[in-house]
Amino acid sequence: MAPTTAAAAERRPSPFSREVRRWRALRRMSQLELAALAGTTQRHLSFIESGRSAPGRAMVVRLAESLALSLRERNALLLTAGYAPAYEESPRDGAAIEPAMNALRSILTGHLPYPAVVAGPRGELVLANAAFEVLTEGAAARLLEPPVNVLRLALHPEGMGPRVVNLAAWGRHVAESLRARAAAHPDGGLDALAAELAGYLPAGAPPGPDHLGFAVPLRLRAAGGELRLLTTLTSFATAVDVTLAELHLEAFLPADPETAELLRGRAAARGAAPAG
């Protein structure tokens, strides 16, 4: 006997069901794999994805965590399931995250005489130390007007692009990293920026001997000589605030003694007190 219209409607996948299936497909996980990670059964997950079962709030949170969603994406999934968001989104100048922002400012200062920046999820500049000027040297004024995008600045032909000796290799690393983030966390803005950055790159050969073997150095022409810099990325891995979780600190480190000396000299010329 065919199900009634009402019964069929009850079994129709909900927006939440479709979102879970979409994320699971994006992560290339089977129902069994996701169910095991979320602490449930494949049968229960199958019922959730078909719309036959409505999960509780705790299950939605476990599924979001198991799918490695960002805090923003977890909030969106909760809303789709009919629940209130679990994570606050504080303004960057708000009192709630002021201690964390002060900590980032201290790290930036402590990193001198080497450049370091704090950026948002799409590369928007949030904080920078005084040594950031070596990256903006000669850049067009329009690229330095707020909101500055450090990813665009890095590769743009009116930004750092013409000064990057190994633009094909280093720029490809920057663009591909952004493309990988956009693939893992779909965002139209990230896709557009990744396409824009790729358009600034010359056709280049595969990685060559100018690499250090374990990392792609940034070789940057600057007043006084060529800099060879390595970069590290730091984030608040245990953040429970959306704004804080989306920030990352990019610190540049000298890859050779000559670079360290040149940056110390620039700091002295600015009147800064270089770190050891």
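What share of the 276 residues of the protein counts as buried? I began my notes on this predicted model with that figure, and it came to 42%.

**Overall make-up.** I then listed the secondary structure, which comes to 13 helices and five strands. Turning to the contacts with a separation of 6 or more, I noted that residues 24 or more positions apart account for 58% of them.

**The sheet.** I followed the strand order and found an open sheet of five strands, β2-β1-β5-β4-β3, with antiparallel pairing. β2 (125-128) and β3 (218-222) are the edge strands, and because each has a single partner strand, one side of each is left without a neighbour in the sheet. I also looked up the turn between neighbouring strands of this sheet, which is 30 degrees on average when direction is ignored.

**β3 and its hairpin.** I wanted to know how far β3 is covered, and I found that four of its five residues are buried, so that entry reads "mostly covered". β3 is joined to β4 by five bridges, and the two strands run antiparallel. Within this pairing I marked R221, which stands opposite E226 in β4. The two strands form a hairpin with two residues between them, and in the turn I noted G224, whose phi is positive at about 105 degrees.

**β4, β5 and the helix across them.** On to β5 (residues 248-254), which is joined to β4 by seven bridges, again in an antiparallel run. As one cross-strand pair I recorded T232, whose bridge partner in β5 is A251. I then checked what lies across these strands and found helix α13 (residues 257-270), which lies across β3, β4 and β5 and runs at about 90 degrees to β4.

**D241.** My last stop was D241, in the loop between β4 (225-235) and α12 (242-245). Which side chain of opposite charge is nearest to D241? I found R72, at 8.2 Å, and recorded that D241 is buried yet has no salt bridge. I therefore looked for its polar partners, given that a polar contact needs N or O atoms within 3.5 Å. The side chain of D241 makes such a contact with the side chain of S90, at 2.6 Å, and it also reaches the backbone nitrogen of T243 at 2.9 Å. Leaving aside neighbours within four places in sequence, I listed the residues in contact with D241 as L71, E88, E89, S90 and I97.

Technical notes
Residues are numbered from 1 along each chain as its sequence is written. This is a predicted model: local features need pLDDT of at least 70, side-chain atom pairs count only at pLDDT 80 or more; totals for chains, interfaces and linings use all residues. Side-chain values use heavy atoms; hydrogens and water are left out. Buried means under 20% relative accessible area, exposed over 50%, partly exposed in between (1.4 Å probe, protein chains only). Lys and Arg count as positive and Asp and Glu as negative; His and the chain ends are not counted. A salt bridge is a side-chain nitrogen of Lys or Arg within 4 Å of a carboxyl oxygen of Asp or Glu. A polar contact is a pair of N or O atoms within 3.5 Å; within protein, one must be able to donate a hydrogen and the other to accept it, and residues adjacent in sequence count only if both atoms are side-chain atoms. Contact means heavy atoms within 4.5 Å. Two strands pair if DSSP finds at least two bridges between them. Axes are lines fitted to C-alpha atoms, for helices over the stretch in contact, and angles run from 0 to 180 degrees between N-to-C directions.
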